[in-house]
Amino acid sequence: MTATHILILIGVYFLLLLLISYFTGKNDSNVDFFKAGKSSPWYLVAFGMVGASLSGVTFISVPGWVETSEFSYMQVVFGYLAGYFVIAFVLLPIYYQLNVTSIYEYLKKRFGTVSYKVGAVSFFISRVLGAAFRLFLVAIVLQQFVFDELGVPFEITVILSILLIWIYTFRGGIKTIVWTDTLQTAFMLLSVGLSIYFINQKLDWGFTEFLASEELKQYNKILFTDSFFDKNHFLKSFFGGMFITICMTGLDQDMMQKNLTCKSLKDAQKNMISFSVVLVIVNFVFLLLGALLFIYAAKFNIATPLMDGQPKSDLLFPEIALNSGLGSVVAITFMLGLIAAAYSSADSALTSLTTSFCVDFLNIDEKEEKDQNRIRKTTHVGMSLLLIVTVILFKYILDRNVIDGLLTVATYTYGPLLGLFTFGILTKFAIKDNYVWLIALLSVLCILGLANLPADYLGGYQVGYELLPLNGLLTFLGLWAIRKRNDSIKID
């Protein structure tokens, strides 16, 4: 598949997204941009959230994970499932009761303005970095397999990618994204299914033969319980995954904004539970694909592609799909799946960043009605420029598997959010609001120091994703220290 063919495919795909944007963005109102008029069918949101949750990171990086960590990622996924139930039955009722646009408005009503801003800043940093991780991944694939051949610099690739997202989201916002996510999820799942089918066919296997093969047994170990000191021990992975989900979905404006477009709390809960079960199955299929890719590469002597002179396992899937003779069907569906997976996450991230900045920092509801649309559109452009700069910087500083990098960043940035929301839900105390920023900063610095301690200093213990709940615990203890002992409060 040539670079020209891929560009034509991308062009056709985005024309389809623009068509959806045209019909969903006719109203061009802030109500539709931020909340989709609270009229989205729950099953549509649930299906679309599968693609948004997986993103290009899962599409490319989870298969690459298999090489060194086998199926240990499923331990994290089981934790995700537990986390989604907490979101459905603890957090969603709070958000619907308060009828919020930004979920961080809860912190303002519960504690005060400083807590509100700390929560909003934590999300803002988290989402900028998270969206940049995802966009970086699709950009390097497009660069490696399309734009290098055409002599286009990486920076231009990034600018074009984000410009395309801006074009189809600047009017309809979240209302457009609920529908485009559905289309993108369908393309992504189709791509994975067809890739597994055609690779098995090339290996002269049926799917059941693949599942029973000796080659798969080299990769399919799921539970790691030998040593609690190891980074991927089951308990550390499970509870890390649970808290990652609570934070990266339940305390994340991006993911919750979609849930808040449902007509009622009951619909939002049905969406969350059905989506979580499907997500476990889909992640397992991605790991099966990862094992199949490495089996295929070993049999046909396909080397892991290099990036800046170093092997990059994230690039093995595109290398096999596009350059190993599997045929045009796999190549086309791979590119559709990659683009869909990457942009289904990135477009909603751009919209949620715009929403959060408008509501949490610019207080858009307090502005003159005639100015509100202008403020939203200007902010949308600003968030696009911020993502462009961040993605370009990642090319020069990122030195790890992308999904590992994404989850590692979450341990720092979502900790204060976890501590604030947990303290607000589990206690009735008010706090000295002016000191909250200091508590959050000290907690993050402590976790950063712990994460960078050599394992020898900890008796051989390797820290992993359990740093996230520990970060939340430190924030919780800090809030306990500044609580107002005689001044309990209650949200009406």
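Start by selecting Thr-427: with a relative accessibility of 8%, Thr-427 falls under the 20% cut-off, so this residue counts as buried. Keep in mind as you click around that this is a predicted model.

Now show the backbone around Thr-427. You're in the loop that links helix H18 (415-426) to strand S3 (429-431). Turn on side chains and look for the backbone nitrogen of Phe-429: the Thr-427 side chain reaches that atom at 3.5 Å. What else is Thr-427 in contact with, leaving aside neighbours within four places in sequence? Select Arg-110, Thr-422, Phe-476 and Trp-480, and you have the set.

Next stop, Phe-421. Not counting residues up to four places away in sequence, Phe-421 touches Leu-91, Tyr-95, Ile-103, Tyr-104, Tyr-106, Leu-107 and Leu-251. Two names from this stop, Phe-421 and Tyr-95, come up again among the residues with the most contacts inside the largest nonpolar core. Add Ile-199, Met-272, Ile-320 and Met-335 to your selection to complete that group; the core itself has 139 residues. Which helix gives the most to this core? That's H6, with 19 residues.

So colour H6 by itself, residues 113-150. Of its 38 residues, 28 are buried, leaving H6 mostly covered. Follow the helix along to Gln-143, where a kink of about 55° is centred. Then step off the end: Gly-151 follows H6, and its phi is positive, near 75°. That's the last stop.

Methods:
Residues numbered from 1 in each chain as written. Predicted model: local features only at pLDDT ≥ 70, side-chain atom pairs only at ≥ 80, totals over all residues. Heavy atoms only, no water. Bend = angle between axes of the 7 residues up to and from the residue. Helix = DSSP H or I, 4+ residues; strand = E, 2+ residues; numbered from the N terminus. Buried < 20%, exposed > 50% of the residue type's maximum accessible area, 1.4 Å probe, protein only. Core = buried A, V, L, I, M, F, W, Y, C linked by side-chain atoms within 4.5 Å. Contact = heavy atoms within 4.5 Å. Polar contact = N/O pair within 3.5 Å; in protein donor to acceptor, adjacent residues only side chain to side chain.
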